[in-house]
Amino acid sequence: MNISANKIINSSTEEKLFNNHNIYIKRDDLLSKEFSGNKARKFYYFLENEFHQIEKVISYGSSQSNAMYSLSVLAKMKGWKFDYYIDHLSSYLEENPHGNYKYALKNGMQIHVRQDAPLPTENELFIEEGGRQKEAKFGIEILAKEILTWKEEQGIDELNVFLPSGTGTTALFLQKAFCQLELGFTGTQVSFPLETKPMSPKCCVYTVPCVGDVEYLKKQFLMLEENENFHPKILTPSKKRHFGKLYRESYNIWLKLREEMGIEFDMLYDPHGWLTLLENPEILKKPTLYIHQGGLIGNESMLMRYKRKYGENI
Ligand SMILES: *Cc1c(COP(=O)(O)O)cnc(C)c1O
């Protein structure tokens, strides 16, 4: 594992050609083999700081969640126990552990099939589903600074940044950090006064909801920042795709991304992200950075499902 506490994480940025568009890819999937993607950014605060009284981390969510796997890695690195609550475990997964579930178990995760997680004691750290919490700001600000440094080195004036959203935590904190850094706010500023407006953000974050709809994502943003001037721009996808469902066009673009760029993307968020980005070519008129948010261990279970649905020759 090449990430350790007190080491600033920095991923590379690659210039690629996809579908006749020049595009930059921020390779957060390569941060480290184990602790990577946006969950590494979101949980970086917990990796970097000491929590002397904590012995166990508790979280909840779905049985193939990327956040669940990343938390199992964090717990292992920290020497914490890890209890994870799910409301349902399919007998197929129980009998054939694979993907995030399998590797999280290998890292020592204790699974509990139960509706609600118990309230944490003072020796337990509670993490919201998908890492939707304020501590995520810490690691995402580092990501924002890395992007701004790279942008300056490249001599790029205005940059569009695109990433698909689940809870929207990454996109929101990223846009907010860009605005804060531009306005010269540092450190403790929690929220912007409602009348504050960024001049004209030089880094504009675009995103698309993958879990709920546009309204759901807007609500998520408002919970983290009430000043909408600092929200990312939400793109409306032309087609509603249900999270975790399989679509032929999603599989096709996933293959095309791999063929044309030589990069494997995640199969849950990225196909919907790329399909929506390509529907909005005006974004790509400016230099555009796509953030690869990791999640590749989850592809094992997605690929199995695609093969079961469409046969081996999809
Ligand atoms: C978790 C995850 C997301 C969604 O991140 P949010 O901060 O919840 O919006 C997107 N892509 C990948 C690969 C993820 O693992």
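The largest cavity in this predicted model encloses about 100 Å³ of space, and the structure holds one cavity of 30 Å³ or more. Its lining is made up of 14 residues, among which His242, Lys245, Tyr247, Leu268 and His272 lie nearest the centre of the cavity. Helix 10 (270–278) and helix 11 (299–310) each contribute at least two residues to the lining of this cavity. By residue class, the lining of the largest cavity comprises eight nonpolar, four polar and two charged residues.

Among the open sites, the second largest pocket has a volume of about 300 Å³. It is lined by 18 residues, and those that lie nearest its centre are Lys33, Glu34, Ser36, Leu296 and Ile297. The elements that supply two or more residues to the lining of this pocket are helix 1 (37–42) and helix 3 (66–78). Four nonpolar, ten polar and four charged residues make up the lining of the second largest pocket. Because residues of both domain 1 (5–34 + 134–310) and domain 2 (41–131) take part in the lining, the second largest pocket lies between the two domains.

Aromatic contacts were examined next. A pair of aromatic rings is described by the distance of the centres and the angle of the planes. The count comes to 18 aromatic pairs, one of which joins Tyr45 and Phe46, whose ring centres are 5.4 Å apart and whose planes stand at 90°, so that the pair is classed as edge-to-face. The two partners can also be described by their accessibility: Tyr45 is partly exposed, with a relative accessible area of 27%, whereas Phe46, at 2%, is buried. Phe51 and Trp80 likewise form an edge-to-face pair, with 6.0 Å from centre to centre and 75° between the planes. This pair links distant parts of the chain, in that Phe51 belongs to the loop between helix 2 (44–48) and strand 3 (56–60), while Trp80 belongs to the loop between helix 3 and strand 4 (81–86), the two residues being 29 residues apart. Phe51 and Trp80 are both buried. Ring pairs further connect Tyr44, Tyr45, Phe46, Phe51, Trp80 and Phe138 into a cluster, which thus includes the members of both edge-to-face pairs described here.

Contacts between a charged group and an aromatic ring involve arginine residues in the following two cases. The charged end of Arg248 sits over the ring of Tyr310, at 4.2 Å from the ring centre. Arg308, in turn, lies over the face of Tyr92, and in this case the distance to the ring centre is 4.4 Å.

With regard to the backbone, positive phi values occur at two residues that are not glycine, Asn19 and Asn20. Phi is near 55° at Asn19, a residue of the loop between strand 1 (13–18) and strand 2 (21–27), and about 65° at Asn20, which has its place in the loop between strand 1 and strand 2. The accessibility of Asn19 amounts to a relative accessible area of 29%, and Asn19 is therefore assigned as partly exposed. Asn20, by contrast, counts as exposed, because its relative accessibility of 75% is over the 50% limit of that class.

Note on methods:
Residues numbered from 1 in each chain as written. Predicted model: local features only at pLDDT ≥ 70, side-chain atom pairs only at ≥ 80, totals over all residues. Heavy atoms only, no water. 1 Å grid on protein atoms, 1.4 Å probe; cavity = no way out; pocket = protein on both sides within 12 Å on 5 of 7 lines; lining within 4 Å. Points joined across faces, edges and corners; volume = space filled by probe spheres on them. Helix = DSSP H or I, 4+ residues; strand = E, 2+ residues; numbered from the N terminus. Nonpolar A, V, L, I, M, F, W, Y, C, P; charged D, E, K, R; others polar. Domains from an automatic or database assignment. Phe/Tyr/Trp six-rings, centres within 6.5 Å; stacked < 30°, edge-to-face > 60°. Buried < 20%, exposed > 50% of the residue type's maximum accessible area, 1.4 Å probe, protein only. Lys NZ or Arg CZ within 6 Å of the ring centre and 35° of its normal.
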